[in-house]
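Let us read a structure together, one feature at a time. Have the sequence and the 3D view ready.

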Amino acid sequence: MAETRRFMGVATRSELRAANMLGVVGSSTAHGSQLFRRPQLDLYDAYYESRQYNHLPTWEQSVAGDNSYIPVRKRRPLINVGMAKLLVSRLASKLVGERTFPNWVIEDDLDTQEFLRVIRQQSQFRAKLLEPIRRKLVSGSVFVRFAIMNGQYVVEHYLSKWCYPKFDDFGNLEEVSVKYVYDDEKDKDARGIPKKKWYRMDLGQQQDVLYDNPLYEEGQKDPNFQVVSVAEHGLGFVQGEWLKTCDLPQSDDGVSLIQDVLPFFDELSYSLSQSSQAVQYNQDPLLTLKNMDEDEVDTLIRSSQKALNLGKEGEASFLEAGMSGVETAEMLRDKMRLNIQDLSRIVLLDPEKMVSHAQSGKAMEVLHGPFVELIEEMRPQLEKHLVNLQLKMALATLILNEQGVPVPVSIPPGYKPKSITLIAQWPPVFPPTMEDLQKKVQIASTVASANIISRETMTRWLAKDFGVEDIEAEIQKIAAQPVVNPWGSF
C-alpha cells in the first residue's frame, strides 16, 4: 500500500507528518541551500504553529554561559499567545464552516449538480478544506491536491513554502514540484536519531513523477534526485489547485493575513509573560529584616508557632511589588488587541457585548463591519478556486471511469455533463435570528397587504430563509390552500 501511494505521488504517513509538522531543518538557509521557496513563508508558519521562539533560551535562563545577562526579549516568553491561529481559524470558519459553506448550483443541469454533490460528499470536501484554508490565510497560498486511489478520493494539502508552482500565460497551473526535508523514522543512525532526507514529487498535466529520498547534507545546494516511478494519467491538468488569498502581479502567493501584525503578537506574549512574573513575585514576596546584623540573621530562632524570633528590636516585613505596572500593561494590551483588529479586520468582541447583541444577526453584522467586508472580499477568490477544484475532480472521475478504473461515484451509462457553470450561493455571514425573521415576515405582510409589492415577490423574498428551493411549487401550494395562509394577510 505504501508503494502504491508513493507511485501515485502521495507521501506516506510519516512523510506527510514530517511535511506538515516536522519538516523544518535548522534555519531557512544552510550554506546557501534554501530549504524553503521563500523563507518568509516559514516565519508565518512558525507563528501559526507557536514555534517562533524555539531558537531562544527559556524564560528562566537569564544568565548565559559567560555569566552575561540575557535580556527578556532575547529569551523565550513564558506565555506564547496563539493569536495567529486564533485569527485565521475565526476567518476560516466563516469561509468554509458548516453554516457558511456555499450551496453549489448548476441551473441548466440538475444531474451534474447532483453529481458534484456526491463528489463533495464522498471526498469529505468541506472537512478536508478547513486546514488548507487556515494555511492559505497564514502564508497567502497553499496547494490542495486530490487523487483517486482504490476507488476512494484522497484530498491532501502541502504547505506553500515547500511547493514550486509553474503557471501559463493565463494563470493556469502547469506543474507543481513539492520538495522538503523530513525525518525518516524508519532509518536511524548509530545514535538512534532519524536521518534527514529529501522528498520530491512533480505533479504535471500529463504525468506525476516521484523521486528517491537522498540524504540531507549540510551545505548541499541541490541534491541529485533519481526518478523512482512515473504515473502517466493523461488528464491534461494538474490534479490539484493552487489556492491564493488574492492575485498579486509577479507573485505566486497572495497576501498573508498576519504579516502586518507579527510585532503585536510578540508584544502580547512578552507583556503577558512579564505581568505573570510580577504577579507571581507578589504572591510569594521576599522577606526583609530590619535592625538585625548578619550574626543575628544567621541565628534566627523559629518558635513552635512557626514564627520567627527576631530578638528585642528586630523587625520583619515582606517586600511586595506595586501592581500599578501590571494594570498599565493590561491597558496597553487592550490597545494592542485593537490595533490587531484594525490591521487584520477581524473583530474580537468581548463575550458580554456579544451576548447583548446576539439576538439580531443584523446587529452582529454592524458590530463586525470590517470583518464582514473582509469575508465578502475573499469569497470571490475562494469561489474561483473551489469551482476549479470540483470540476477537476469531476473530470478526473469521468475519465478514469471510461478507462475502467474504479471510482467512488456510480456513473449512469451514457451520462455526459450538459453544463459546467457552477454557481456558489453564499449564506449570510451572520444568519438571521428568530427576531430578524419575525420582522422580515411582518414587512412582507405589510407591503403585500397594502398592494405595494405582489405576494409572489414577497414569497420569493422569504423563500431562502425558510429553506424553500422550488419557489414555483410553493406558490402553487399557497394558492391551493383554502383557509390557512402562512404569510399572514397575503
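**Surface, core and cysteines**

Q: How much surface does the protein chain expose?
A: Accessible areas here come from the Shrake-Rupley method with a 1.4 Å probe; for residues, only the protein chains shown count as cover. The protein chain exposes about 27200 Å², and 51% of that comes from carbon and sulfur atoms.

Q: What kind of model is this?
A: It is a predicted model: local features need pLDDT of at least 70, side-chain atom pairs count only at pLDDT 80 or more, and totals for chains, interfaces and linings use all residues. Residues are numbered from 1 along each chain as its sequence is written, and side-chain values use heavy atoms, with hydrogens and water left out.

Q: How many helices and strands are there?
A: Both are DSSP runs, numbered from the N terminus: helices are H or I, at least four residues, and strands are E, at least two. The protein chain has 15 helices and 16 strands.

Q: Is Ser269 buried or exposed?
A: Buried means under 20% relative accessible area, exposed over 50%, partly exposed in between (1.4 Å probe, protein chains only). Ser269 has a relative accessible area of 0%, so Ser269 is buried. Ser269 sits in helix H7 (residues 262-283).

Q: Which residues is Ser269 in contact with, leaving aside neighbours within four places in sequence?
A: Contact means heavy atoms within 4.5 Å. Ser269 touches Tyr53, Pro77, Ile79, Asn80 and Val81.

Q: How many disulfides are found?
A: A disulfide is a covalent bond between the sulfur atoms of two cysteines. The search looks for a pair of cysteine sulfur atoms within 2.5 Å. It finds 0 in the whole structure.
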